[in-house]
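Colleague: Got a minute? I'd like to go through this structure with you.

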Amino acid sequence: MSTTSTAAAEKTKPFPPHQVVTREVWLAARKELLAKEKKHMREGDALAAERRALPWVKIEKNYTFDTSTGKKTLAELFEGRSQLLLYHLMFAPDWDAACLGCSFVSDHFDGAVQHLANRDVTLVAVSRAPLAKLAQFQQRMGWRFKWYSSFGTDFNRDFHVSFTKDEMAAGKMYYNYKIQNYPMEEGHGLSAFYRVSESALADPDGKKNEAGNIFHTYSTYGRGAETLLGTYGILDLAPKGRDEQDQKPIPMAWVRHHDKYDSNYHAAEPASAANSSAADASKPNKAGEHDCCHTT
């Protein structure tokens, strides 16, 4: 076992004794579980259909975002497509880096944006930090998805992913559809929008669904955005599963920015020119980086 793989293994809990059986007994148990897996998948399909059937809300406010090519409206973020998925990526204006957990999520959807674009879906990220900070951190991470700044606008507040100091002091923030004591000034989530390209939706007065209208169709927060985390789905297939039961203060406490792990899977590979400066996995997180996955 290599040094890096040994270090990674030492960070997980030893596997408890497990039942060992014949192939025939294993096959019978596997088929029983398969029936449950198929039922779970069909129920998931039905739930997704209910999600798509939710009523919509028309966007009345003219939101604008800072981009590398100037100000853009919410409509322009669609880039000509009819569907927009917008990840609320936690990066407050005074932070030096994006949230660890949000960065973990972003690593996953960065490779999906090209596929989604060819299914009439644009996926972007929006954060409150100024555009210059986003651009610097995006270069460090090597991400290619479109990332826009909502700095100085009501967007994050309206979608309940940023909180005031007064709300934090009172422990009363509206997040994930309830008033609660949330530990930080930023929250993460995913919002979905639909832009009407032509008057195709049935409506009695013929006005609400005019071409160009934008509708908010869905938002999910907390573990609701876990769908984006392919790593968790893969870990669920491994013998130890997610193996997070002993992580403190929260299950995701093991997560790092992908250039900060102390075991580097790609250590034996030559670093690309674009990422060579960011690939030093031996460095600890620099002072000031927001360590939100280790915050209670």
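Modeller: Sure, we can talk through salt bridges, a buried charge, some backbone features and a surface patch.
Modeller: This is a predicted model: local features need pLDDT of at least 70, side-chain atom pairs count only at pLDDT 80 or more, and totals for chains, interfaces and linings use all residues. Residues are numbered from 1 along each chain as its sequence is written, and side-chain values use heavy atoms, with hydrogens and water left out.

Colleague: How many salt bridges are there in the whole structure?
Modeller: A search finds 14. A salt bridge here is a side-chain nitrogen of Lys or Arg within 4 Å of a carboxyl oxygen of Asp or Glu.

Colleague: What does K39 form a salt bridge with?
Modeller: With E43; their closest N and O atoms are 2.5 Å apart. Both lie in helix α2, 4 residues apart, about one turn of the helix. Helices (H or I, at least four residues) and strands (E, at least two) are DSSP runs, numbered from the N terminus.

Colleague: And which residue pairs with D154?
Modeller: K61, with the closest N and O atoms 3.5 Å apart. D154 lies in the loop between β6 (146-149) and α7, and K61 in the loop between β1 (57-58) and β2 (64-67), so the pair ties together parts that are 93 residues apart in sequence.

Colleague: Which residues are linked in a network of salt bridges?
Modeller: R223, E226, D236 and R242. Within it, R223 and E226 have their closest N and O atoms 3.0 Å apart.

Colleague: Is E226 buried or exposed?
Modeller: E226 counts as buried because its relative accessibility is 18%. Buried means under 20% relative accessible area, exposed over 50%, partly exposed in between (1.4 Å probe, protein chains only). R223 is exposed, at 65%.

Colleague: New topic. What's up with E244?
Modeller: E244 is buried yet has no salt bridge. The nearest side chain of opposite charge, R242, is 5.3 Å away. Lys and Arg count as positive, Asp and Glu as negative; His and the chain ends are not counted.

Colleague: Where is the cis peptide bond?
Modeller: It joins K248 and P249, with omega about 5 degrees. P249 lies in the segment after α9 (230-235).

Colleague: What about the phi of H160?
Modeller: It is positive, about 60 degrees, although H160 is not a glycine. H160 sits in the loop between α7 (155-158) and α8 (165-170).
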